Amino acid sequence: MRGSWPHASSTTMPELPEVETVMAGLASELTGRRLTGARLRQRQLRWPVPRDLAARVRGAQVLGMRRRGKYLLVQTDRGWLIVHLGMSGSLRLVPSVLPPGPHDHLDLLLDDGRALRFTDPRRFGCLLFSDDPWNHPLIAPLGIEPLSETFDGDALYDLSRGRRVSIKDLLMNAHLIVGIGNIYANESLFEAGIDPRLAAGRLSRRRCGLLAAAVQSVLRRAIVAGGSSIRDFVGVDGRPGYFQQGHAVYGRDGETCGSCGTLIRQMRQGGRSTYLCPHCQKR
DNA sequence: AGAACCACCTGGCAGC
DNA sequence: TGCTGCCAGGTGGTTC
């Protein structure tokens, strides 16, 4: 099975489920290990990697890992690594002697001869170091976790009052709700039967309930699908299997809706592709 | 404060 | 065949 699944796409698109999957796969491997240093090949990511990264992590013991939105937090006894995979980033555990590829920007060296290798062709990701990540300017303003107990229809209703932006743009605003990118925003709105263009503030409390449930359902299913491939991606490939799962509307322009048979439409919304079933999704 | 838009980056692909 | 140019995506920053 390892590395043998069909590659529908050569790129991953890390949203909350993938970050969760990456964390689950790495936590057991990294916790308790010591970092012996870092090799920095390309500092210019979304934010520059700290020049003194190697010095900061040398000798640090990994205490655990957390996720906040799409940010991955690695806690050590010397401080925290803050990692974002952007849209093409991946983390793999490799033998530290494995020669780096062109987009393998940095290695965190482990005390067992392996390296945690950060790869990111488009360099939208970042890797930072912080003594206090919860007050870090990238982390502190983040919104509610959609898989937390406090996220439900009422929370979504409260968040959306008075907002004139489309409900899809609201779902993707990480300062309000974290972890939902273009793919899962489209999928959640289809599942809830809501037109993505509807002004967020016009959603009824009842439909907020449907949408919150759909968001959680879509994200949980993706995590379950990704979890089954943890061993594979940690060892070799860096490509969780959930990405291969079928989407109901995303990327299916011109195909028929699996629910009613109507043709799925693609449109532009705020510079991004929106996909919807004009019959199943109502204003 | 909220909304709309831009910048960042590269691989992949359509179209000529 | 090879070139050009557009598109995909997340999100901080800028502007209005």
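This passage describes the domains, the largest pocket and the DNA surroundings of a predicted model.

Chain A is assigned two domains. Domain 1 covers residues 16-135, and domain 2 covers residues 153-276. Their centres, taken over C-alpha atoms, are separated by 28 Å.

The largest pocket has a volume of about 1000 Å³. Its lining comprises 30 residues. Closest to the pocket centre are Lys70, His84, Gly86, Met87 and Arg272. By class, the lining holds 17 nonpolar, 8 polar and 5 charged residues. Both domain 1 and domain 2 contribute to this lining, so the pocket lies between them.

DNA strand C is surrounded by 19 residues. His84, Met87, Tyr250, Arg268 and Arg272 are the closest of these. His84, Met87 and Arg272 are also among the residues closest to the centre of the largest pocket. The surface near strand C has 7 nonpolar, 6 polar and 6 charged residues. At least two of its residues come from strand 9 (265-269), and at least two from strand 10 (272-276). Of the strand C atoms within 4 Å of the protein, 53% belong to sugar or phosphate. The rest belong to bases.

Individual polar contacts to DNA strand C involve both bases and phosphates. An N or O atom in the side chain of arginine 122 is 2.9 Å from a base nitrogen of this strand. Histidine 175 places a polar side-chain atom 3.1 Å from a phosphate oxygen. For asparagine 182, a side-chain N or O atom is 3.2 Å from a phosphate oxygen of strand C.

Asparagine 182 also belongs to helix 5, which spans residues 182-192. This helix is mostly covered, with 10 of its 11 residues buried. Asn182 is itself among the buried residues. Others in the buried set include Ile183, Tyr184, Leu189 and Phe190. Polar and charged members of the helix are buried as well, including Asn186, Glu187 and Ser188. Glycine 193 follows helix 5 and has a positive phi, near 70°.

On the other side of helix 5 in sequence, methionine 172 sits in the loop between helix 4 (167-171) and helix 5. Methionine 172 is partly exposed, because its relative accessible area is 23%. Its C-alpha lies 12 Å from that of glutamate 145, a residue 27 positions away in sequence.

DNA strand B has 9 residues around it. Nearest are His103, Pro121, Arg122, Arg123 and Arg164. The surface near strand B has 3 nonpolar, 2 polar and 4 charged residues. Sugar or phosphate accounts for 71% of the strand B atoms within 4 Å of the protein. Bases account for the rest.

Contacts to DNA strand B again include a base and phosphates. The side chain of arginine 122 has an N or O atom 3.1 Å from a base oxygen of strand B. Arginine 122 thus has base contacts with both DNA strands, at 3.1 Å for strand B and 2.9 Å for strand C. In arginine 123, a side-chain N or O atom is 2.4 Å from a phosphate oxygen of strand B. Valine 165 uses its backbone instead: one of its backbone N or O atoms lies 3.5 Å from a phosphate oxygen of this strand.

Technical notes:
Residues numbered from 1 in each chain as written. Chains lettered and ligands numbered in written order. Predicted model: local features only at pLDDT ≥ 70, side-chain atom pairs only at ≥ 80, totals over all residues. Heavy atoms only, no water. 1 Å grid on protein atoms, 1.4 Å probe; cavity = no way out; pocket = protein on both sides within 12 Å on 5 of 7 lines; lining within 4 Å. Points joined across faces, edges and corners; volume = space filled by probe spheres on them. Nonpolar A, V, L, I, M, F, W, Y, C, P; charged D, E, K, R; others polar. Domains from an automatic or database assignment. Near = heavy atom within 4 Å. Polar contact = N/O pair within 3.5 Å; in protein donor to acceptor, adjacent residues only side chain to side chain. Helix = DSSP H or I, 4+ residues; strand = E, 2+ residues; numbered from the N terminus. Buried < 20%, exposed > 50% of the residue type's maximum accessible area, 1.4 Å probe, protein only.
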